[in-house]
Amino acid sequence: MKRPPTASELNLCLCHSCGLACDMTDEPHQCPRCDAPLHRRKTNSLTRTWAYMLAALAFYIPANLLPVMNTVMLGNGADSTIMSGVLEFWEAGAWDIALIIFIASIAVPGIKFVALTLLLVTVQRNSDWARRERSKLYRFVELIGYWSMLDVLVVALVAALVKFQALGDIEPRPGILFFGLVVVFTMLAAMSFDPRLIWDQDTSDTISDAEPPAAPATDGAAPDPTGA
Amino acid sequence: MVNTEHLIICEHCDCVYEKVVLGKHQKTLCARCGGVLQRFNGLTIEQRLALTFTAAMLWLFANFYPVMSISLKGMKNSATLWDSVLALSQGPITFIAMVAAIAIIIAPAFQLVLLVWVLSFALGLRRAPGFNLCMRWLETLRPWSMLEVCLLGAMVAVFKLAGLLDVLPGIGLFALAVLSLMMIRIAGRDIRELWDIL
């Protein structure tokens, strides 16, 4: 398969802040346009991603085992975890709300762990398997990233509202702290991963050595013509 | 120094292309990895600035009016966004209150202030003082601004409490709904175009 020339072949570097293609002939450390630091690849990308992800994985356990909030209604107190919150909605017949919380709080972090591990391992093995699909997977991980904050914000709102002393009182519990940390660390992990590493061992020929081709424009509704 | 401003690099796979002029609803995709290179931006500076002022007003409404109020056996209570941050700040979990405050109050506020500053000067086709720094901060803040998540969270909270007591959505919730949608439009990646215009 033919491909356009890459930035490293043309001795260019993308500025992550303003998107300028920076000329690397004089090895500048800063983007000439916006002064942001320049890196050909994100610094220590694989190590940092592993570190953030393992930290998130460690927090994921207390986040699911510890109670996230305590509800007192008419004198009877009860702790609830994230899963028990989901089950409560499910048993009450509100399967749609149960599904939203389940996807945001349990499925999304789980998918992120699996996807990031897959990306890290394949990059480390210089795999040439399904590069395009792995790129897509990374973009998906970036997109779903912050939706896990949902439960933290729900607990915050509910705890702020229900303040009727003995009649009814809802308080946050430490589980929500660990849960928030999982979200923050998985977001940091996704940000430290450099998706260009997926393509660095790509050996296919370039279309031309000198001039980069014009980017093909596609209509929003039409499918990607180069998707085959 | 070679002029490279007409070039565009795919951030997902490092391929280099020449920029093209896009028509309505068009976008360009990378031929190798399928990532989006350019997207059509339909907002002029004037329109974006006007929307930013609207969003700033909505931010005030979303923060100073209660998001929702509840009543139980004649007792009433209401909560604003700040109240919910405070509810998290008690006990050993204070750290998460800070994260929540950044995500739903501070980051959107900073985004709006920076946008007003940068766009007001851009009206006169000038770069604002501290333009580089402001534009870099707009990039840094974007992933941490989670108003749309907060909106969904507020709606889930309505359903969660509706079984136990009476819930009434407040002005803050409606402001939050419109604000979160507007932030996606005005503070998105396409503000990078200012680098090329100014």
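1. Buried means under 20% relative accessible area, exposed over 50%, and partly exposed in between. D14(B), at 3% relative accessibility, therefore counts as buried. The model under review is predicted, and the points below take up the fold of chain A, the interface, selected residues of chain B and the salt bridges.

2. Chain A contains 6 helices and 7 strands. Read from the N terminus, the order of these elements is β-β-α-β-β-α-α-α-α-β-β-α-β. Of its 228 residues, 50% count as buried. Among the contacts in chain A with a separation of 6 or more, 67% come from residues 24 or more positions apart. The accessible surface of this chain is about 10500 Å², and carbon and sulfur atoms hold 62% of that surface.

3. The size of an interface is often expressed as the accessible area lost when the parts come together. Between chain B and chain A, the buried area is about 7200 Å², with 72% given by carbon and sulfur atoms. On the side of chain B, the residues that lose the most area to chain A are H12(B), R32(B) and K160(B), which together make up 11% of what that side buries. In terms of contacts, 75 residues of chain B meet 80 residues of chain A.

4. The polar part of the interface comprises 15 residue pairs in polar contact, both residues being at pLDDT 80 or more. Helix α5 of chain B (residues 147-162) supplies 11 residues, the largest share of the side of chain B that touches chain A. By residue class, that side of chain B divides into 44 nonpolar, 15 polar and 16 charged residues.

5. Side chains of opposite charge can pair when their charged atoms come close. Over all chains the structure holds 16 salt bridges, and the count between chain B and chain A is 3. One salt bridge joins the side chains of R33(A) and D196(B), with an N to O distance of 3.0 Å.

6. Another salt bridge pairs R196(A) with D14(B), whose closest N and O atoms are 3.8 Å apart. This pair crosses between chains: R196(A) lies in the loop between α6 and β7 (217-219) of chain A, and D14(B) in the loop between β1 and β2 of chain B. R196(A) is buried, its relative accessible area being 0%, and D14(B) is likewise buried, at 3%. Both residues belong to a network of salt bridges that links R41(A), D194(A), R196(A), D200(A) and D14(B). The backbone of D14(B) also merits attention: this residue has a positive phi of about 75° although it is not a glycine.

7. A second case of positive phi in chain B is L125(B), with a value of about 50° although it is not a glycine. L125(B) is placed in the loop between α3 (94-123) and α4 (131-141) of chain B. With a relative accessibility of 60%, L125(B) counts as exposed, whereas D14(B), at 3%, counts as buried.

8. Within chain A, the side chains of D79(A) and R173(A) form a salt bridge at 3.8 Å, N to O. D79(A) is in strand β4 (residues 76-80) and R173(A) in the loop between β6 (168-172) and α6 (175-192), so the pair ties together parts of chain A that are 94 residues apart in sequence. R173(A) also forms a salt bridge with E171(A), where the closest N and O atoms are 3.3 Å apart. The three residues count as partly exposed: D79(A) at 46%, R173(A) at 23% and E171(A) at 36% relative accessibility.

9. Two buried residues of chain B have contacts with chain A. M68(B), in strand β5 (residues 68-72) of chain B, is buried with a relative accessible area of 0%. Residues up to four places away in sequence aside, M68(B) touches residues of both chains, including L157(A), L161(A), A154(B), V158(B) and V167(B). By contrast, R48(B) is 20 residues from M68(B) in sequence and 30 Å from it in space, C-alpha to C-alpha. S84(B), in helix α2 (residues 81-88) of chain B, counts as buried at 3% relative accessibility. With the same exclusion of residues up to four places away in sequence, S84(B) touches A156(A), L157(A) and A160(A). L157(A) is thus touched by both M68(B) and S84(B).

Notes. Residues are numbered from 1 along each chain as its sequence is written. Chains are lettered from A and ligands numbered from 1 in the order in which they are written. This is a predicted model: local features need pLDDT of at least 70, side-chain atom pairs count only at pLDDT 80 or more; totals for chains, interfaces and linings use all residues. Side-chain values use heavy atoms; hydrogens and water are left out. Contact means heavy atoms within 4.5 Å. Buried area is the accessible area (1.4 Å probe) that two parts lose on being put together, summed over both. A salt bridge is a side-chain nitrogen of Lys or Arg within 4 Å of a carboxyl oxygen of Asp or Glu. A polar contact is a pair of N or O atoms within 3.5 Å; within protein, one must be able to donate a hydrogen and the other to accept it, and residues adjacent in sequence count only if both atoms are side-chain atoms. Helices (H or I, at least four residues) and strands (E, at least two) are DSSP runs, numbered from the N terminus. Ala, Val, Leu, Ile, Met, Phe, Trp, Tyr, Cys and Pro count as nonpolar, Asp, Glu, Lys and Arg as charged, and the others, Gly among them, as polar. Buried means under 20% relative accessible area, exposed over 50%, partly exposed in between (1.4 Å probe, protein chains only). Accessible areas come from the Shrake-Rupley method with a 1.4 Å probe; for residues, only the protein chains shown count as cover.
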